[in-house]
Structures are given as structure tokens and as C-alpha cells.
Amino acid sequence: MDLHVTVVGRTPADLRTRALDAAREFYGEQAQHAGVTVLSADVEKSDHDGEYRATVVFRQVTG
């Protein structure tokens, strides 16, 4: 199952934190230990000064 999230932030660390928070909200608190990995992350400059928008694709692999 894939999850696509779009987040806005000013730094790579900010984008990463926001994306991981969204994944935890969807997959549960143990997302990082439940086979959830990042498939891709596309980042682009936002229309707002100093902000970037990232679309991150997570996949949960069970087996």
C-alpha cells in the first residue's frame, strides 16, 4: 500500500519531519519499524518566499 503526502517546509529536516508525521498518522506510530519505506521524494520551490513543497511516497511492505 502506497501513501503519497505533500508537505511544506523551509529545510530538508523540516520536510522530512512533516512527512514522517503524516506517515505515522496513516500507518500508525510504529511506521518506521513496520516495513514502511520511502519510495520517492520530489521537492519544488513553493510560491511563498523561502518555502519548499515536497511530495513523498511511502510504501508499507509486509510479508
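These legends walk through several close-up views of a predicted model.

Before you start, residues are numbered from 1 along each chain as its sequence is written. Because this is a prediction, local features need pLDDT of at least 70 and side-chain atom pairs count only at pLDDT 80 or more, while totals for chains, interfaces and linings use all residues; side-chain values use heavy atoms, with hydrogens and water left out.

**View 1. The whole chain has one helix and three strands.** Going along the sequence, you meet them in the pattern β-α-β-β. Helices here are DSSP runs of H or I with at least four residues, strands are runs of E with at least two, and both are numbered from the N terminus. The C-alpha atoms fit a box of roughly 45 × 20 × 15 Å along the principal axes. Of the 63 residues, 25% count as buried, meaning under 20% relative accessible area; exposed means over 50%, and partly exposed is in between (1.4 Å probe, protein chains only). Take the contacts between residues at least 6 apart in sequence: 53% of them join residues at least 24 apart. A contact means heavy atoms within 4.5 Å.

**View 2. The three strands make an open sheet in the order β1-β3-β2, with antiparallel pairing.** Two strands count as paired if DSSP finds at least two bridges between them. β1 (2-9) and β2 are the edge strands, each pairing on one side only. From one strand to the next, the twist averages 20 degrees. The helix α1 packs on this sheet and touches β1, β2 and β3, and its direction makes about 145 degrees with that of β1. For these angles, axes are lines fitted to C-alpha atoms (for helices over the stretch in contact), and values run from 0 to 180 degrees between N-to-C directions.

**View 3. β1 runs antiparallel to β3, and eight bridges join them.** Asp 2 has Arg 59 as its bridge partner in β3. Further along β1, Val 8 sits opposite Arg 53, and Gly 9 sits opposite Tyr 52. In general, side chains in a regular strand alternate between the two faces of the sheet. The covered face of β1 has Leu 3, Val 5, Val 7 and Gly 9, while the uncovered one has Asp 2, His 4, Thr 6 and Val 8.

**View 4. β2 and β3 pair in the antiparallel sense over nine bridges.** These two strands form a hairpin with six residues between them. Look for Gly 50 in the turn, which has a positive phi of about 80 degrees. Lys 45 has Tyr 52 as its bridge partner in β3, and Val 36 stands opposite Gln 60.

**View 5. The largest pocket holds about 170 Å³ of space.** A pocket is worked out on a 1 Å grid over the protein atoms alone: it is an open set of points with protein on both sides within 12 Å along at least five of seven lines, whereas a cavity is a set where a 1.4 Å probe fits but cannot get out. Lining residues have an atom within 4 Å of a point. Grid points are joined across faces, edges and corners, and the volume is the space filled by probe spheres set on the points. The lining is made up of Pro 12, Leu 15, Arg 16, Ala 19, Leu 20, Val 38, Ala 41, Val 43, Ala 54, Val 56 and Phe 58. α1 (12-27), β2 (36-45) and β3 (52-60) each give two or more residues to it, and α1 provides the largest share, five residues. The lining splits into 10 nonpolar residues, no polar ones and one charged. Here Ala, Val, Leu, Ile, Met, Phe, Trp, Tyr, Cys and Pro are nonpolar, Asp, Glu, Lys and Arg are charged, and the others, Gly among them, are polar.

**View 6. Thr 37 lies in strand β2.** Thr 37 is partly exposed, at 42% relative accessible area. Leaving aside neighbours within four places in sequence, Thr 37 is in contact with Val 57, Phe 58 and Arg 59. The C-alpha atoms of Thr 37 and Leu 20 are separated by 10 Å, with the two residues 17 apart along the chain.

**View 7. Gln 60 lies in strand β3.** Gln 60 is partly exposed, with a relative accessible area of 25%. Not counting residues up to four places away in sequence, Gln 60 touches Met 1, Tyr 27, Ala 34, Gly 35 and Val 36.
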